[in-house]
Amino acid sequence: MLDKTETFLTEPLRRRASVAVDVGGVMVGGGAPVVVQSMTNTDTADIDQTVAQVAALHKAGSEIVRITVDRAESARAVPRIRERLDRLGVDVPLVGDFHYIGHTLLAEHPDCAAALAKYRINPGNVGFKDKKDRQFAAIIETAIRHDKPVRIGVNWGSLDQELLTRLMDDNQDRGSPLTAQEVTREAIVQSALLSASLAEEIGLPRNRIILSAKVSQVQDLIAVNLELARRTDHALHLGLTEAGMGTKGIVASAAAMGIVLQQGVGDTIRISLTPEPNGDRTREVQVAQELLQTMGFRQFLPVVAACPGCGRTTSTVFQELAQTIERDLRTNMPVWRERYPGVEALQVAVMGCIVNGPGESKHADIGISLPGTGESPAAPVFIDGKKAKTLRGPTIANDFQAMVAEYIEQRFGRGEGRH
């Protein structure tokens with residue numbers, strides 16, 4: 001029996017208060033839902049490819065999209081990209097990613113500065129030596145003129161070496177020196193806070209600043225962001241930089257950000273996955289949505305519950321049906337969000353045998369329990385917890401898909417939402 005003093009986290013913590021920032025009509029922080037964003041990997045100067053990828057990322061669910069602005073050709077393309085997207089009805093905010101010469105590009109291409117919804121700058125490479133503060137100030141002053149927010153994004157791969165060296169030297173004088181890793185974490189936090197303070201001194205309002213501290217190791221991301229949140233109420237962008245490819249990148253990102261989000265920290269996230277050659281860039285958007293939905297922070301898509309399979313489910317019918325249902329739901333969601341308000345709360349179960357099939361199906365809004373190995377070739381369908389029909393024969397999969405579509409139309413077609 002559990003001790004009465006023992007407690008468990010049964011739901012996500014309320015996120016800590018942060019300053020709200022308007023990014024092209026999308027609210028980040030201030031109690032708004034955690035925002036999903038992503039970044040293109042096209043050459044921004046290639047307008048056709050960039051427009052196509054931004055549109056695809058937005059369709060997949062990215063609420064903010066960042067593009068690289070690294071040279072004059074890219075800066076000149078930005079207004080045309082914005083115009084093309086507007087004509088297509090893709091109203092996603094665009095963020096310009098600036099490194100090294102951002103101050104020059106923004107000054108020489110005012111149309112680019114105006115077309116972007118936010119600027120992202122890295123204090124570690126905005127300039128060096130005596131030029132650093134001057135060039136940082138130039139970008140901030142441009143943001144003020146155009147009334148744009150700025151993300152000050154510290155990255156440990158390009159950390160301010162002067163700051164890091166000074167902290168390392170100071171650490172040597174301590175009675176109990178910190179480890180090099182601990183000093184580096186402190187340098188990341190200080191870089192973000194000092195840069196934000198400088199931006200505010202120049203005149204950029206607090207509600208136009210978002211901070212991020214990007215690292216590539218899970219424990220560093222957790223430690224740095226929790227410490228950053230302890231010291232400031234700025235809106236925070238979470239991301240594991242250089243997360244990697246495939247399952248490694250997904251697991252690392254989810255482990256790190258899941259812990260931080262559970263502590264109430266983080267206002268917008270990006271899952272930085274390295275795509276396979278010619279791979280689908282939208283995968284990182286799907287993973288970000290699934291992370292937030294799994295943790296209970298957002299609801300993007302209907303949930304499809306499916307058993308993992310065992311010796312009772314030697315047929316692949318339930319696997320194929322679950323995959324088809326999930327794919328159809330994701331494909332149709334851009335239209336269904338408008339046509340069927342509340343449909344993202346739908347829960348579907350596709351189960352493979354009698355052990356947990358009927359019970360799991362009853363818990364879903366609509367569920368099917370397919371026959372397992374050696375079971376009677378019948379598939380009961382449950383709707384709203386009650387057995388509605390038993391499907392038989394070779395068309396079970398198609399029949400159930402039709403029932404799901406009919407259920408969605410009847411329940412959500414009148415805009416009644418979840419009951």
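Student: Which side chains meet Glu-73 and Arg-71 in a salt bridge, or how do I read that pair?

Tutor: Side chains of opposite charge can pair when their charged atoms come close. The cut-off for a salt bridge is a side-chain nitrogen of Lys or Arg within 4 Å of a carboxyl oxygen of Asp or Glu. Here Glu-73 and Arg-71 make one at 3.5 Å, N to O. They also belong to a salt-bridge network with Asp-43 and Asp-70. This is a predicted model, where local features need pLDDT of at least 70, side-chain atom pairs count only at pLDDT 80 or more, and totals for chains, interfaces and linings use all residues. Residues are numbered from 1 along each chain as its sequence is written, and side-chain values use heavy atoms, leaving out hydrogens and water.

Student: How many salt bridges does the rule give?

Tutor: The count is 18.

Student: What does Arg-231 meet in helix H8, and how far apart in sequence are the two?

Tutor: Helices are DSSP runs of H or I with at least four residues, strands are runs of E with at least two, and both are numbered from the N terminus. Arg-231 meets Glu-227 at 2.6 Å, N to O; the two are 4 residues apart in H8, so about one helical turn separates them. Arg-231 also pairs with Glu-186, at 2.6 Å. Glu-186 lies in helix H7 and Arg-231 in H8, so this pair ties together parts 45 residues apart in sequence.

Student: Is Arg-231 buried or exposed?

Tutor: Buried means under 20% relative accessible area, exposed over 50%, and partly exposed in between (1.4 Å probe, protein chains only). Arg-231 has 34%, so it counts as partly exposed.
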